[in-house]
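Student: I have a structure open on my screen and would like to learn how to read it. Could you walk me through a few features?

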Amino acid sequence: MTTPAIDTAALTRRFGEFTAVQDVNLRVDAGQFFGFLGPNGAGKSTTIKMLTGLLAPTSGSIRILGEDLTQNSAEVKRQIGVVPEGMALFGRLTAEEYLRFVGRMYGLDRATTVQRTQELLEFMQLADERKKLITDFSHGMQKKLAMAAAVIHGPRVLFLDEPFEGVDAVAAGTLKAMLQRMIARGATVFLTSHVLEIVERLCTHVAIIHRGQLVAQGSLEELRAGQARADGSSPPGGKQRSLEEIFLEIVGTDREGNPAATAPEQELSWLG
Amino acid sequence: MAGLEAGKLLPTAAQEIPARVQLAAVAWLRWRIFINSTFRRRTTGTRQAVGLAFAILVRIMVWPFLALMVIGPIGGSGFFAWMAIAGNHPQRLAPLLAAITLLWLFVSVNGQNMAAVVSNFDPSSLIRFPLRFGRYLVLRTFIGVLTASTIVGCLALLAAAVGIGVAKPALTLPALVVLAIYALMNVFLMRMIGAWMERWLANRRFREIFSVLMALTVVGFQFLNFQRPSSHGGIGGRSSWVLRILHSSGSQLHWLPPGFAANAILQVSHPIAALTQFVGLLASTALFAAVFAIRLHKQFLGEYLSEGASRRANERSSQRNAARPQRAGAVAKIAPAENARPAFPPIVAACLRKEWLTLRGNGAQLIGMLTPLVFVVILNRSVFQGHSTYFLPGAIAYVLFGVLAGLYNIFGADGLGVQVYLLAPIRLRDVIVAKNLMSLAVIVTEAGLAWLLVSVLARTPIPLATQVSTGLWTIFVIGVNLALGTMRSIQAPRRFVPGQAQRRRMTPTNRTSGLLIMLVLFGSMALQVPVTLLCRYFNDPWLGAWIFGPLAFAAVAAYALLLHNADRFILAHRDVFAEELCKA
């Protein structure tokens, strides 16, 4: 049995009396393209922050590539790359300066840092904007730069929080190709996205978090077959369903199984 | 992308990343941020030249003040230290060191508050890199050292050591060593306070309260300063007051770090006593360093202490709102009865309500509005004592100066929300009217209260001619600034995001119009001076009214004309408007 890339046990995070994430047991095997889904406020970003060491769990454990994150955070952080929620860029640097800084912080030698910086700028089509400060970049350009910074040290596990948000179709295609290539070379990608089509097209495995609890986890096939649901229930009908249908079916109900939202026809009748 | 295979070129986990590499990277980062913030311009050609000329002009104007702020404490520390030893008043050394710490703290805390606003570098974001805690601690301490307060504080202590050495050469070495440790203690003390404040200041409410407290401190200090009995006369009287405070606080400082440091220097001829005091100083330094390290360690582990408190407060607030019963008449209040005549057109009323809600939610701004009024009282006791003719225009000018600046960027705080105005089927003139009405309400309230205060405080009745002249001048100043402010708000808006005020750099248009604002603001205010002199020269108190009457009329007419053309004007400038305010 191989060491999982990400392994959490009873991961919980509370903010005062509010429980953002509760008893999450995630297992992501090395080489998987893993999609982490959930409605707004479900606990996706809190989970990803905990997995990358930016936020301490209230209880539970996290192991990345077999290493305990709390015990060996420096070692773990050298093996992972992160595109965090706010991208964490330094606005008053140029893209080149930023990548050089990140490369050096990850311990790359000067020559490798410079070489990779040039490669990444070319690859992300940012090479023509050398003199522009990051603060003057468009949102999409900033996203591409954040992605470049996340991979400059060749991480074995990549965490991406909404990586395609605000990125144009051409750039999104480039980024997807890069991620696919990383997977082919043995890396693990863990991403959150609201765009279910992207997750369906890219990811081999999916987990769904709802109100802080993991409600489904498994391969897309398992999810479609209903084997991955935490409550063990089977999906209605036997046809091949889209991820969107599965997602809505799982999170569209409350904990007792009742429809979570009021039926649309009962509201906004004035809309005509 | 051949080199980016997963894990291939990564140094193996067993290989430690050398500390110097990461330290050098952070030092380089800080340096590049400084260079890019100071010298980079995104324009070329004539616009760049204008921008550069303006930047040089601003620096020429600002740097002498900054130099004074730096040279003052440094020179003062050296002089007072020399005076304490040479004048045989060694008990004054501890209060001097305490004063340096307080100054350091004041500048540092304000710098921290300012950093929360202007900072483009969040040092806590370094935790995402592969760092061990010890290195993170060093980095954070190192980053904190590169601040103006630390540099000025250290230089002030060095000057004090030099002052002591000049007065008594035998004390040079002990003074240098002890004050070096004292400087280190101050660094850790400031970092300790800074580390806690950094988190608290992330909370908007705390930031507002803090700003108010700092404003009140400054006002309170000014107030106390003018409250000093002037019987001693001028600077001599004030310095003797300062010396009395320094003298009386000496005994209280005996068991505090300034006392430890001072005694460790002064008791050098009694090694045991001096050593005991020195150990006390070292223990204080270690204590502050430890508390700072504990806080940072929690942050390093991702434990944001105030986050829970903040969330709990939000939850409580949400629960209160949820529990609050819906008022039966609420809907009826929002939708007025059809036959009732509203005071304002619906668009203006809606925008006014939005402006009021924004103002009401900004506690710091509301309380900050009271500050100029306190200064009116101070001005009465100092500058305008016995000059009631000048008191009224002086006080009104002082109050207006602060509030009029806001007229020059009325859309700035709306940020992306300004798109609602552009997309909605409304006349933008109505939005401008609503915003200006709210500004006018604030200005008139402030000016009215100042007027009332002046009437109460003035020892002799203010002549009617002065009152009429001041009234017309006030209308003129408000009219001119309203017209030009509105024009500038459309022509060169600047997005203002609380907490990120300086993150967006100024465009050349912003800079040029910024200079124009200063000229108009100062010019319209300063016009009162020559007019008052003319009144005195011709011995005609009503001359001011004759001059300001037509000017006030012209200013109001200019504003009305601008309002009439506001929609066309915005249309002509919508590109700039959208570029600055609507860009995410």
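Student: Let me start with one residue: is Arg13(A) buried or exposed?

Tutor: Happy to help, and please keep in mind that this is a predicted model. The general idea is to count neighbours: a residue is buried if 20 or more other C-beta atoms lie within 10 Å of its own. Arg13(A) has 23 other C-beta atoms within 10 Å, so Arg13(A) is buried.

Student: Where does Arg13(A) lie in chain A?

Tutor: Look at strand 1, residues 6–15, which holds Arg13(A).

Student: And which residues does Arg13(A) touch, setting aside those up to four places away in sequence?

Tutor: Its contacts are Ala20(A), Val21(A), Thr46(A), Met50(A), Leu55(A), Pro57(A) and Thr58(A). Take Thr58(A): 45 residues separate it from Arg13(A) in sequence, yet the two C-alpha atoms are 4.7 Å apart in space. For chain A as a whole, 65% of the contacts with a separation of 6 or more are between residues 24 or more positions apart.

Student: How many helices and strands does chain A have?

Tutor: Chain A has nine helices and eleven strands. Of its 272 residues, 48% are buried.

Student: What should I look for in the backbone angles?

Tutor: Start from the usual case: most residues other than glycine have a negative phi. Then look for departures. Ala10(A) is not a glycine, yet has a positive phi of about 50°. This alanine is also in strand 1 of chain A, and it counts as exposed because 12 C-beta neighbours lie inside 10 Å.

Student: Which residue of chain B has a positive phi of about 55°?

Tutor: That is Asn539(B), again not a glycine. You will find Asn539(B) in the loop between helix 21 (528–538) and helix 22 (543–564) of chain B. Asn539(B) has 7 C-beta neighbours inside 10 Å and therefore counts as exposed.

Student: Now the interior: which residues touch the most other members of the largest nonpolar core?

Tutor: Here the idea is to follow buried nonpolar residues that are joined to one another. The largest such core has 140 residues, and Tyr98(A) and Leu145(A) touch the most other members. Helix 6 of chain B, residues 172–200, gives the most to this core, with twelve residues.

Student: What is Leu145(A) in contact with, leaving aside neighbours within four places in sequence?

Tutor: Leu145(A) contacts Leu89(A), Ala95(A), Tyr98(A), Met124(A), Leu126(A), Ile134(A) and Phe137(A). There is also a second, separate core of 54 residues, which includes Leu407(B), Val477(B), Phe548(B) and Ile570(B).

How values were computed. Residues numbered from 1 in each chain as written. Chains lettered and ligands numbered in written order. Predicted model: local features only at pLDDT ≥ 70, side-chain atom pairs only at ≥ 80, totals over all residues. Helix = DSSP H or I, 4+ residues; strand = E, 2+ residues; numbered from the N terminus. Contact = placed C-beta atoms within 7 Å. Core = buried A, V, L, I, M, F, W, Y, C linked by C-beta atoms within 7 Å.
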